[in-house]
Amino acid sequence: MKMKKFINNPENLTQELLEGLALANKEILTLVDGHLVVSKDLETADRVTVVTLGGTGHEPALQGFVGKGMVDIAVCGDIFAAPGPDSCVKAIQMADKGHGVLFVVLNHSGDMLTANLTMKKIKKMGINVAKVVTQEDISSAPRDDADNRRGFVGCVPLYKIAGGAALQGKSLEEVTNVSQRYADNMAAISVSLRGATHPATGGPLAELDEEEMGVGMGQHGEGGGQKIQMETADVTTDLLMEKVLDDLKIKSGEKLMVVVNGSGATTLMEMLIIYRRAVKHLEEKGIEVVGNMVGEILTVQETAGFQLFIARMDEELQSYWNEPCKTPYYSK
């Protein structure tokens, strides 16, 4: 696929997109050192704070969810690349308001390497930090081997759950426990129709024939899935929903959060049709949807497809989810 994008020098992609984010959201966040996206709410925060890290190129995630009630600082790497540990250490030092810091990490090799090095350095400094890893991609490993599951869109609702608990004055131990409980009860799977190109190099990330779709591929087109014939929205949604329900062993009477995350080139029309079927599928099984997100949340450039995400909910989690928040790309 030939790359057609409105960019300048590829070497400046991350710098310029983060500058644009900061300029477009001056009342919510600021840019520090060119790659730390910092919530302005952090100035007066008297609570547990939330720090996350990851490569750019997935907009609006991750930095688009910095703001009151969600992420306090997002440490941004280059396109699809993790930042270094020194930047994460600085972010955690900045975020610490005396109540401790929750460090949220997606399970990808570069992010995990940086996070583990960061935690070693932070512990020597005596800062109270807890790490929670999101790893909900059911196609990359079985549930009993969760450490090898990739992190998908689930980090974003987890930011909201953690941020809501922090706003309610919960301790770091409490925020960590509830965040881990949420992370342990979520599942997601992806489907792709067309891969993307790397915005800096123009190289393809994944290739699919016109009449097929990839079920269970990774965020960037990594392996772990299968290619099958293209199906309708309802058939595809039912197929994916059965897989994630089975992974979590969801039963009638339970309550779920459902997220339909567009991968970058899937229209809102398609996502709403998919969400409609997801809700109907769950209603038929006596399962209630009590929280949702539908739209482009964590993308991979112009990848066509979506991620279907579910998470087991209860009254406590709902109370954190319903806390107010204000970020560039999600507010309550």
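## The sheet

In this predicted model, six strands form an open sheet of mixed pairing, in which the order is β1-β2-β4-β3-β5-β6. The edge positions are taken by β1 (29-32) and β6 (129-134), each of which has a single partner strand, so one side of each is left without a neighbour in the sheet. On average, and with direction ignored, neighbouring strands of this sheet are turned by 25° against each other.

Within the sheet, β2 (residues 36-39) pairs with β4 (residues 73-79) in the antiparallel sense over 3 bridges, and Val37 has Ala74 in β4 as its bridge partner.

## Helices on the sheet

Helix α2 (residues 85-95) packs on the sheet and touches β1, β2, β3 (49-56), β4, β5 (101-106) and β6, with its direction at about 165° to that of β4. Helix α4 (residues 155-167) lies across β3, β5 and β6, and runs at about 170° to β5.

## Salt bridges

The structure holds 16 salt bridges, among them one between the side chains of Lys90 and Asp33, at 2.3 Å from N to O. Because Lys90 belongs to helix α2 and Asp33 to the loop between β1 and β2, this pair ties together parts that are 57 residues apart in sequence. Lys90 is partly exposed, at 34% relative accessible area, and Asp33 is likewise partly exposed, at 47%.

A salt bridge also joins the side chains of Asp86 and Lys121 (2.6 Å, N to O), linking helix α2 to helix α3 (residues 109-125) across 35 residues. Asp86 is exposed, with a relative accessible area of 53%, whereas Lys121 is partly exposed, at 35%.

Definitions and conventions:
Residues are numbered from 1 along each chain as its sequence is written. This is a predicted model: local features need pLDDT of at least 70, side-chain atom pairs count only at pLDDT 80 or more; totals for chains, interfaces and linings use all residues. Side-chain values use heavy atoms; hydrogens and water are left out. Two strands pair if DSSP finds at least two bridges between them. Helices (H or I, at least four residues) and strands (E, at least two) are DSSP runs, numbered from the N terminus. Axes are lines fitted to C-alpha atoms, for helices over the stretch in contact, and angles run from 0 to 180 degrees between N-to-C directions. Contact means heavy atoms within 4.5 Å. A salt bridge is a side-chain nitrogen of Lys or Arg within 4 Å of a carboxyl oxygen of Asp or Glu. Buried means under 20% relative accessible area, exposed over 50%, partly exposed in between (1.4 Å probe, protein chains only).
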